[in-house]
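Here are some short exercises to work through with the model open beside you. Try each task before you read its solution.

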Amino acid sequence: MLRVLTAGESHGPELIAIMEGLPAGVPIAMDTIRADLARRKLGYGRGSRMKFEEDELTISSGVRHGSSLGSPIAIRIGNTEWPKWREVMSAEPVEATDLSRGRGAALTRPRPGHADLVGMQKYDFDEARPILERASARETAARVALGAIARSFLSELGIGLVSHTLSMGPVRVPEDMPLPTPADVAALDADLLRCFDPATSEAMVVEVDDARKSGDTVGGIVEVLAYGLPPGLGSHVQWDRRLDAKLAQALMSIQAIKAVEVGDGFETTRRRGSAAHDELHLSDGTITRSSDRAGGIEGGMSTGTLLRVRAGMKPIATVPHALRTIDVATGEEATAHHQRSDISAVPAAGVVAEAMVAITLVDVILEKFGGDSLGETRRNIASYLDHIPETLKTADASDASLA
Ligand SMILES: Cc1cc2nc3c(=O)[nH]c(=O)nc-3n(C[C@H](O)[C@H](O)[C@H](O)COP(=O)(O)O)c2cc1C
Ligand SMILES: C=C(O[C@@H]1CC(C(=O)O)=C[C@@H](OP(=O)(O)O)[C@H]1O)C(=O)O
């Protein structure tokens, strides 16, 4: 079983991430984690904070000489903006008068679509600062650092992940666009939209620029693909063991994600059954699926074909052309507070989605195969695949890379 936790406020001194349950012997390179943190910060439409804030990465435990120890891994990501916020976010009491201006001024005009108002109600605060600090997607840097470690483990098992942007507002990649593979990742990372279709990528830039000019924000859809999974991850036997359910929770937990699709998702609901499923046929005597409409999951279990999931992000709530709200200090109608913010964070959300899928896959792999060391997990997977009877083997099972 894998357990992960994050802590940290957006303008606090640092983010903390803990991962417990990763087997020993997994290669963990600081540069790989840094590269993923950099991918998350990039992306067309991000606000000014992404340009000046650095992610200061430290690993405090669980890793020795570039390899996991099997003990809890503790990661620290320093917020380099902290000195400017020291007083506002101090753990020690600060005189209210010292906070009454500038950054410390009470945020009493909650933003519709953010956690501000309901958070104030629930946690009994009279301003939004204590809520937005933790609701903020700054926290996703911690998830991406954990995701980089998860991806390293998956990569040792021959499993590769790709995330890419499918749409930005109404601008969408062509339906027949070929799916990107891990070999294409460098090209995706070079594109600030993380979009595989250059013409669509350009149109997405125009969409973001247009929104920026009119003081607005944009949402969109990202897709995560996982290549090389064995069949049988997750289970049909209990609601909380279904792989699709776990992935949906993992993706839906990302700030501003409001929709999740597995495989063809909602499109499947518009088809008749005869055109909705992945038929089986024999190819060189081996069972083969003739399509991948299900997104690689049947009955809550991975089928061993390509895993394909999508997450839909709503437009950023901090709309520069501020939305109508109520000033809870005066009880009067007002416009929502707004300083700087992202116009779109869809490409960044793709990187976060990839991290959440990676963490979920490590969890279900350890649930099925266990292993206190990487070697033990590998042996367990190989033994399982070897023991699937020839008559049940599927052509697309990923045993080649796992052997
Ligand atoms: C990578 C990323 C960056 C985000 N940047 C912003 C932002 O700059 N401004 C904002 O209002 N919301 C931003 N959000 C979304 C808010 O964090 C989110 O809407 C808020 O926490 C409320 O949660 P909910 O939308 O899931 O209800 C971002 C989300 C992600 C994933
Ligand atoms: C800091 C990050 O994202 C932040 C997420 C966020 C929000 O409301 O979610 C609001 C913005 O922060 P601020 O209000 O300070 O400008 C983003 O910059 C990050 O991703 O590292």
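The exercises below deal with helix packing and with ligand surroundings.

This is a predicted model, in which local features need pLDDT of at least 70 and side-chain atom pairs count only at pLDDT 80 or more, while totals for chains, interfaces and linings use all residues. Residues are numbered from 1 along each chain as its sequence is written, chains are lettered from A and ligands numbered from 1 in the order in which they are written, and side-chain values use heavy atoms, with hydrogens and water left out.

**Exercise 1.** Describe how helix α1 packs on helix α6.

Step 1. Find the helices, which are DSSP runs of H or I with at least four residues, numbered from the N terminus. Helix α1 covers residues 30–41 and helix α6 covers residues 140–156.

Step 2. Take the geometry from axes, which are lines fitted to C-alpha atoms over the stretch in contact, with angles from 0 to 180 degrees between N-to-C directions. The α1 and α6 axes are 9 Å apart, at an angle of about 135°. That makes α1 oblique to α6, since angles under 35 degrees count as roughly parallel, over 145 as roughly antiparallel, 65 to 115 as roughly perpendicular and the rest as oblique.

Step 3. List the contacts (heavy atoms within 4.5 Å). From α1, Thr32, Ile33, Asp36, Leu37, Arg39 and Arg40 meet α6 residues Thr140, Ala141, Val144, Ala145, Ala148, Ile149 and Arg151.

**Exercise 2.** Set out the packing of helix α9 and helix α11.

Step 1. Helix α9 spans residues 243–252 and helix α11 spans residues 346–369; their axes lie 9 Å apart at about 145°.

Step 2. On the α9 side, Leu243, Lys246, Leu247, Ala250 and Leu251 make the contact, and their α11 partners include Ala353, Met356 and Val357.

**Exercise 3.** Work out which residues come nearest to ligand 1 and find its polar contacts.

Step 1. A residue is near a molecule if one of its heavy atoms lies within 4 Å of it. Of the 19 residues around ligand 1, the nearest are Ala256, Lys258, Lys314, Thr318 and Asp342.

Step 2. Look for polar contacts with the ligand (pairs of N or O atoms within 3.5 Å). Oxygen atoms of ligand 1 lie 3.0 Å from a polar side-chain atom of lysine 258 and 2.7 Å from one of lysine 314.

**Exercise 4.** Do likewise for ligand 2.

Step 1. Its surroundings include His11, Arg49, Ala137 and Arg340.

Step 2. A side-chain N or O atom of arginine 49 is 2.8 Å from an oxygen atom of ligand 2, and a backbone N or O atom of alanine 137 is 2.7 Å from one.

Definitions and conventions: Helix = DSSP H or I, 4+ residues; strand = E, 2+ residues; numbered from the N terminus. Polar contact = N/O pair within 3.5 Å; in protein donor to acceptor, adjacent residues only side chain to side chain.
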